[in-house]
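The following note is offered to a colleague who has the sequence and the coordinates at hand. It takes up enclosed spaces, charged pairs and one sheet, in that order.

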Amino acid sequence: MADDYLVRIGKLIRDARQHRGWTQTQLAEALGTSQSAVNRIERGNQNISLEMIARIGEALDSEIVSLGYAGPMHLRVVGGRHLSGSIDVKTSKNACVALLCASLLNSGRTVLRRVARIEEVYRLLEVLNSIGVRTRWINDGVDLEIVPPAELDLAAIDAEAARRTRSIIMFLGPLLHRTDRFMLPYAGGCDLGTRTVEPHMIALRRFGLDIAATEGQYHAVVDRAVAPDRPIVLTERGDTVTENALLAAARHDGTTVIRNASSNYMVQDLCFFLEALGVKVDGIGTTTLTVHGVPKIDVDVDYSPSEDPVEAMSLVAAAVVTESELTVRRVPIEFLEIELAVLEEMGLDHDRTPEYFADNGRTRLVDLTVRPSKLEAPIDKIHPMPFPGLNIDNVPFFAAIAAVAQGQTLIHDWVYDNRAIYLTDLNRLGGRLQLLDPHRVLVEGPTRWRAAEMMCPPALRPAVVVLLAMMAAEGTSVLRNVYVINRGYEDLAERLNSIGAQIEIFRDI
């Protein structure tokens, strides 16, 4: 093997190890070798077999090299270019995955319009197909048709696909209506620290679902004699927790009141879909939902999920960071009003069209034009709150925006254990971010971005933030192993190229 390949592989291994938070000694212990051997490997000074590369990739949970199929995808970014023109926001990733889970409630044919073709959706489709659900892309691959079998084959579930998505947790609500006993693999997804599933268990226990978690599986048993006899109070106003409770309540033969419910965009889309299935839901958009369940659902339904406010925020941030004039079309304004209010206070020059309805007939959209602006750091800290507060998933974009503003911005990402740490990856691109603790980052601006080569952070939104900074940095940057971005964004590089970016997709080894 040529020496340059050894150096490149060593660099990939080093970056993957550092993102895992391991020392060379920890990696050596996992491999049963010495720290000095790991050091030589990372410097490209030791021959290394394919078997050892595979073992290292498994230990670090990172695709270092692939055999028999396409290797990991990387992005080469030529930065310093201004964006221009207009771009449409795609449908919501989080709504689409919730609706895929909700399709299990229906014995009839479900058609979802303009479904996001992203890795998270593909993993759920693999799981659905493995248990007997027939899915196919129709209308030139734009829409998705879902037809369930009479009986699900849960014993045949694709465990590998299930473990690569946290959305599998939302199978619990629909499945408790279809079988008395089943198993699901543990939920996976982004590396965002410990995210307890206990709030899900507390809510679903009221429907007779008892779960034991052992050996990488949720072992579920349903007691049909148990049903909610008073309002369900969620111990966490989480989106997926609320969705799971809704999915359980939809086929409960009676009325279920859910309090402390999330009223976020994906929850509203799920409620609209349940109404299309014949389930009446009162209180949509509030923290108290009243679900009038029906014991059997067998309808042919056609539904259009709304646009993704987090993708919209990504595109707004792309314009801000690259100092560009850009029109972002089909923005779900109800779910970005706080973010735009903060940006207005920072000095953002923008305007918006009158509101119009999304294809679901319920969600309000606008077209938003952003212009180059001289931003000042906000007086107050940036922090998320449940809707209608600043969206949890939009907080990371303010790290890149604050980096181009004059002054210091405090970002308090209190929800996730690790995500704020990944924002400091911007320092490798010239940023000045100081990690105060695992949840707080102090951002100093303005920033003179510089190109760099680095491994993609293992969390979706920080990964996109790094990509946006690379687009602003003069020179050529490389972002390696971008699977996590593909989990949540459809053809992001190509779409950014359509408005003036220069991003090349490539694979190596």
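1. Across the whole structure, which is a predicted model, a search finds two cavities of 30 Å³ or more. The largest cavity has a volume of about 50 Å³, and the second largest cavity holds about 40 Å³ of space.

2. The lining of the largest cavity is made up of S92, Y265, Q268, D269, F272, S306, E307, F335 and T363. By class, these lining residues comprise three nonpolar, four polar and two charged.

3. Around the second largest cavity stand K90, T91, K93, A116, I118, D308, E311, G488, Y489 and E490. Here the division is three nonpolar, two polar and five charged residues.

4. Attention now turns to the charged pairs. Side chains of opposite charge can pair when their charged atoms come close. The predicted structure holds 32 salt bridges, and three of these pairs, together with one network, are described in the points below.

5. Within helix 6 (residues 119–130), E126 and R123 are three residues apart, which places about one helical turn between them. Their side chains meet in a salt bridge, with an N to O distance of 2.8 Å. How do the two partners stand with respect to burial, buried or partly exposed? R123 is buried, its relative accessible area of 9% falling under the 20% limit for that class. E126, in contrast, is partly exposed, with a relative accessible area of 32%.

6. A second pair is formed by R224 and D180, whose side chains meet in a salt bridge at 2.7 Å, N to O. Which parts of the chain does this pair tie together? R224 lies in the loop between strand 8 (217–222) and strand 9 (232–233), while D180 lies in the loop between helix 8 (172–175) and strand 6 (181–185), so the salt bridge ties together parts that are 44 residues apart in sequence. Both partners fall in the partly exposed class: R224 has a relative accessibility of 46%, and D180 has one of 43%.

7. R205 and E198 form a further salt bridge, in which the closest N and O atoms are 3.4 Å apart. R205 counts as partly exposed at 42% relative accessibility, and E198 is likewise partly exposed at 37%. Elsewhere among the charged residues, R109, R134, R136 and E145 are joined into one network by salt bridges that share partners.

8. The final topic is a sheet. Three strands form an open sheet in the order 18-20-19, and their pairing is antiparallel. Strand 18 (407–412) and strand 19 (432–437) stand at the edges; each has a single partner strand, and therefore one side of each is left without a neighbour in the sheet. From one strand to the next, the twist averages 20 degrees.

9. How many bridges join strand 19 and strand 20? Strand 19 pairs with strand 20 (residues 440–445) in the antiparallel sense over five bridges. For D437, the bridge partner in strand 20 is R440.

Notes: Residues numbered from 1 in each chain as written. Predicted model: local features only at pLDDT ≥ 70, side-chain atom pairs only at ≥ 80, totals over all residues. Heavy atoms only, no water. Salt bridge = Lys/Arg side-chain N within 4 Å of Asp/Glu carboxyl O. Helix = DSSP H or I, 4+ residues; strand = E, 2+ residues; numbered from the N terminus. Buried < 20%, exposed > 50% of the residue type's maximum accessible area, 1.4 Å probe, protein only. 1 Å grid on protein atoms, 1.4 Å probe; cavity = no way out; pocket = protein on both sides within 12 Å on 5 of 7 lines; lining within 4 Å. Points joined across faces, edges and corners; volume = space filled by probe spheres on them. Nonpolar A, V, L, I, M, F, W, Y, C, P; charged D, E, K, R; others polar. Pairing = 2+ DSSP bridges. Axes fitted to C-alpha atoms, helices over the stretch in contact; angles between N-to-C directions.
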